[in-house]
Amino acid sequence: MGRRPASPGSPLRSRREFLGIAAATVGALGLLSACGAGTSRTPVATAGPTTRPTAVASSSVAATATPPRVSRPRTSVLLVTIDTLRADQLRSYGQQLVQTPTLDAFAAQGARFAWHMVHQPQTLPSHGSILTGMYPSSDGVRVQLVDKLSPTLDTAGTAFARQGYSTAALFSCSVFDPKNCGFQRGFDVYQDLSFGLTAGQPGEMLKSSAGRTTDAAIAQLRAFGDQPFFLWLHYIDPHCPYVPPAPFANKYDPNYHGTLNGGWTTVTEILAEKLRPKGADLERLKSLYQGEISYVDSQIGRVFAELDQLDRAQSTVVAVTADHGESFAEHRDFFTGEGIYHPRSLYNTELHVPLMLRYPPRIRPGTVVSSLTRAIDILPTLLELSDQPALPQVQGKSLTPLLEGGKDDSPRAVFSAMSNSIFTSVASEGWKLIQNNATKQQHLYDLANDPAEMDDVLPANRAIAAHLSAQLATWSLEERIF
Ligand SMILES: [Zn+2]
C-alpha cells in the first residue's frame, strides 16, 4: 500500500524552521550493537497484591509463529502511554503553568518530538496504532468497544515475545479488557489495574491512580529480574473524570469559589449537554485536568528511579507518549455540545500529543525533532532502537533517521479520522486540512503561524488545500475510510 505522501511537485512551502526538516535536531545516533549472548524465555510474576491479571491470553501466536531466536536481546523497552495528555500541557512543549518536572527532565535526557500526532482521538483505536504501527482502519480497531484487533497481526507484544523478551502490559482502566480489543496477545502478563476498585456511581469509569499503577510497575520491573523485557505501562489519570488527589486538586485554580467539580456527574452532564461550563467554571475544569497531569508526573518519577536502582536505565529504550489529547471548548464541536473532552474533533487539542524517547547509548540528550511524526512510527522505532527485526505489516517508518541528524527525504503526512468517517484530516509540511465528508466543507490551518488553528486560511490558499485534499482522498481510498 503506497502511503507515502506525494512530495514531488508539492505546492507546500518549505518550513525548515518548523515542520519540514528537523532543523532543531541536535542528536546523533551511535552505532552500538545491542545483541548479546543467548538465553531462554522465562515467564514473569504478576505485579502486586492489589491487582490481578485479566484473562491472560497465551502468547501462542508469538510462541508458535516463529521459533525463539538463539541470541539474547540485551536492550529492554519501556513504553509509557499517558491517556489524554495534550502536548501543550508540558513545559518542554511550551506550557508555563503546569508543573511536570519529571517529564521535563526526561525530555532533556533524550529526544523530544515537537510535532507528534495521532490518527484517531480515542483510546482503543489510538493505542492500536501505537502497538501495531498501523492505522486504525488497517489494524481493525476503528470503532471503540466494537472492533477488535485483527487476529493475524503482530503487536509490540507478539513481536518482542517472539524475540525472547519477557512481556507485560499494565493498564489503568478496563477498556483494555481482552474482550474489548484483542491487545493481549503476546503479553506474559496482561493486567487491569482498575480491577477491584468500587464505583461511586452506577456506570462510573474506574481509574487506577498513578500511585497504584506505579506500584504495580515497580513490582513488575523487579519481577523481570535480569531478563530483557518489553513493558507497556498505561496511565489513565488525565482522562475524565478529573479527581486529582491533594495537593494537586487545587494547585492551578486555588481561588475558585464556584461549585463545579471534575467528577463523574459533571462528565455525564456535560456530555448530555445539560451543563455548559463557561468562564471560571471552564477554567476550573481545565485546572483539575492539569492537576491530574502533575500528579501523574510525580509518580512516573518513581518508575524512572526504579530503572536506575535496577541499573537498567542505560540498557532500556524508554518512550513516553499519549493516545490523544483533550478539548476544552477551544473549537466548535464536530458533533454537538461545547467541545469538551474527547473524541470531539480533529483539532490539535486532541491530535497533538507528546513523544519523548530516551536511550542513552544511541540518543543524545537534548535532541529536539521538529518534523511531523506519527503514532504509527513508534513501534518501528522501538524495534530498530532495540535491534529487533522490522515488521512487514507496519505502515509507519522508524524515526531513527531523524535522530541521526534530521535527514528525512520523505517528510511524513499525518492522516487522521473520526470513527464515523465523516471527518478526516491531513497535516503536512506546516499545513493542516480538516474535511467534512458529508458536506464537503473544508478548513485549512497554517500550523507554523497558527498552531491553535483559530483562523481558517483556505480562501487565500486554495492550491495548497487542493493538494492536501488530493492526498487525503488517496489515503481515504487506500484505507477504505468511506
Ligand atoms: Zn485515551
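A nonpolar core is a set of buried Ala, Val, Leu, Ile, Met, Phe, Trp, Tyr and Cys residues joined through C-beta atoms within 7 Å; buried requires 20 or more other C-beta atoms within 10 Å of a residue's own, placed from the backbone. The model is predicted, with local features needing pLDDT of at least 70, side-chain atom pairs counting only at pLDDT 80 or more, and totals for chains, interfaces and linings using all residues. Residues are numbered from 1 along each chain as its sequence is written.

Select L79, A156, A319 and L382 to begin: these have the most contacts inside the largest nonpolar core, which has 122 residues. Helix α9 (residues 279–309; helices are DSSP runs of H or I, at least four residues, numbered from the N terminus) gives the most to this core, with 10 residues. Domain 1 (1–13 + 411–482) and domain 2 (35–406) both contribute, so the core lies between them; the bounds come from an automatic or database domain assignment.

Centre next on L382, which touches V77, L79, A156, V317 and A319 (C-beta atoms within 7 Å), not counting residues up to four places away in sequence.

Now display α7 (residues 210–223) with α9: their axes, lines fitted to C-alpha atoms over the stretch in contact, are 9 Å apart at an angle of about 10°. α7 is therefore roughly parallel to α9 (angles under 35 degrees). The α7 side includes A210, I218 and L221, and the α9 side includes Y295, V303 and L307.

Finally, add α2 (residues 101–109), whose axis comes within 7 Å of that of α9 and crosses at roughly 50°. P101, T102, L103 and F106 of α2 meet D297, S298, I300, G301 and F304 of α9.

Notes
Buried ≥ 20, exposed ≤ 12 C-beta atoms within 10 Å, placed from the backbone. Helix = DSSP H or I, 4+ residues; strand = E, 2+ residues; numbered from the N terminus. Contact = placed C-beta atoms within 7 Å. Axes fitted to C-alpha atoms, helices over the stretch in contact; angles between N-to-C directions. Parallel < 35°, antiparallel > 145°, perpendicular 65-115°, else oblique.
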